[in-house]
Amino acid sequence: MLLFVPIASAASSAGDIKKAELYKAPENSTIENDLFAELSTKAELYNQGFEKVPAALKKLVASEEIAGIIELENGEMLYVTLLMRGGAIGDFYTYDTPTDPNSKFGPSITVETDEKTVRKILESKEPLKEAVKNMNDGSLQVETEGFFRDTMLWTLQKLYA
């Protein structure tokens, strides 16, 4: 979420994972996976423009597991995980339970919001500033594990307020 903000509908059956292969939207996009398809496209663009990503953001997301919890406009929940590699997006996928069945250690960063907020950030000319604005007003909640991540998040919030 913080990335663009990087994040869908639940997979069709329990335990299934819908990966955004090479971050391309699925060919059979439906209304339910529309947000996931859009986020998949944004993930690809994020990696393509990686050299332009602010250093503070790269340090925050470094090699983290980021969990995204998004309440969709239809009332359903979208659960996604971003596995970061050196600040770039390595894997991005969705699953149908609140806890990622593939996670070995659990997320070090958790982002919780709703679809309206995600779309507002995605449509913004300055998504990072919009994300920080939404963090400050409470519509985008970001929890980090550990002092370093807390400090980096605080720094981002001050730089992009």
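Helices and strands here are DSSP runs, with at least four residues for a helix and at least two for a strand, numbered from the N terminus. Counted that way, the protein chain comes out with 5 helices and 6 strands. The model is a predicted one. Reading from the N terminus, the order of elements is β-α-α-β-β-β-β-α-α-β-α. The chain has 161 residues, and 45% of them count as buried. About 8400 Å² of the protein chain is exposed, and carbon and sulfur atoms supply 52% of that area.

Two helices, H3 and H4, give a good look at the packing. Helix H3 covers residues 115-123, and its buried residues are Glu115, Thr117, Val118, Arg119, Ile121 and Leu122. These buried residues have plenty to lean on: they pack against helix H1 (34-48), strand E2 (65-71), strand E5 (109-114) and helix H4 (127-137). In H4, the buried set is Leu128, Glu130, Ala131, Val132, Asn134 and Met135. As for what they pack against, the buried residues of H4 meet H3, E6 and H5. An α-helix has 3.6 residues a turn, so residues three or four places apart point the same way. Just after H4 comes glycine 138, with a positive phi near 90°.

Charge pairing is the next thing to look at. Side chains of opposite charge can pair when their charged atoms come close. The count for this model is 6 salt bridges. In one of them, the side chains of arginine 119 and aspartate 34 meet at 3.0 Å, N to O. That pair links distant parts of the chain, since arginine 119 sits in helix H3 and aspartate 34 in helix H1, 85 residues apart. Arginine 119 counts as buried because its relative accessibility is 16%, under the 20% cut-off. Aspartate 34, by contrast, is partly exposed, with a relative accessible area of 36%.

Arginine 119 has another acidic partner: its side chain also meets that of glutamate 38 in a salt bridge, at 2.6 Å, N to O. With glutamate 38 in helix H1 and arginine 119 in helix H3, this pair ties together parts of the chain that are 81 residues apart in sequence. Glutamate 38 is partly exposed, with a relative accessible area of 25%.

A further salt bridge joins the side chains of glutamate 64 and arginine 149, at 2.8 Å, N to O. This one also links distant parts of the chain: glutamate 64 lies in the loop between helix H2 (55-61) and E2, arginine 149 lies in helix H5, and 85 residues separate them. Glutamate 64 is buried, with a relative accessible area of 12%, while arginine 149 is partly exposed at 21%. As for shared partners, salt bridges join Asp34, Glu38, Glu115 and Arg119 into one network.

Arginine 149 turns up again around threonine 144. This threonine belongs to strand E6 (residues 141-144), and it is buried, with a relative accessible area of 15%. Setting aside residues up to four places away in sequence, threonine 144 touches Leu60, Ser108, Ile109, Arg149, Asp150 and Leu153. Next along is glutamate 145, in the loop between E6 and helix H5 (147-159). Glutamate 145 is partly exposed because its relative accessible area is 48%, which falls between the 20% and 50% cut-offs. On the surface, Glu145 gathers with Glu112, Glu143 and Asp150 in a patch of negative charge. Asp150 thus appears both in that patch and among the contacts of threonine 144.

One more site deserves a mention, in strand E4. Alanine 88 is found in this strand, which spans residues 88-95. Apart from neighbours within four places in sequence, alanine 88 is in contact with Tyr46, Asn47, Phe50 and Leu83. The C-alpha atoms of alanine 88 and alanine 62 are separated by 7.5 Å, with the two positions 26 residues apart along the chain.

Notes: Residues are numbered from 1 along each chain as its sequence is written. This is a predicted model: local features need pLDDT of at least 70, side-chain atom pairs count only at pLDDT 80 or more; totals for chains, interfaces and linings use all residues. Side-chain values use heavy atoms; hydrogens and water are left out. Buried means under 20% relative accessible area, exposed over 50%, partly exposed in between (1.4 Å probe, protein chains only). Contact means heavy atoms within 4.5 Å. Patches are made of residues with over 30% relative accessible area and no salt bridge: like charges are joined within 9 Å, nonpolar side chains (Val, Leu, Ile, Met, Phe, Trp, Tyr) within 5 Å. Accessible areas come from the Shrake-Rupley method with a 1.4 Å probe; for residues, only the protein chains shown count as cover. A salt bridge is a side-chain nitrogen of Lys or Arg within 4 Å of a carboxyl oxygen of Asp or Glu. Lys and Arg count as positive and Asp and Glu as negative; His and the chain ends are not counted. The place of a charge is taken as NZ of Lys, CZ of Arg, CG of Asp or CD of Glu.
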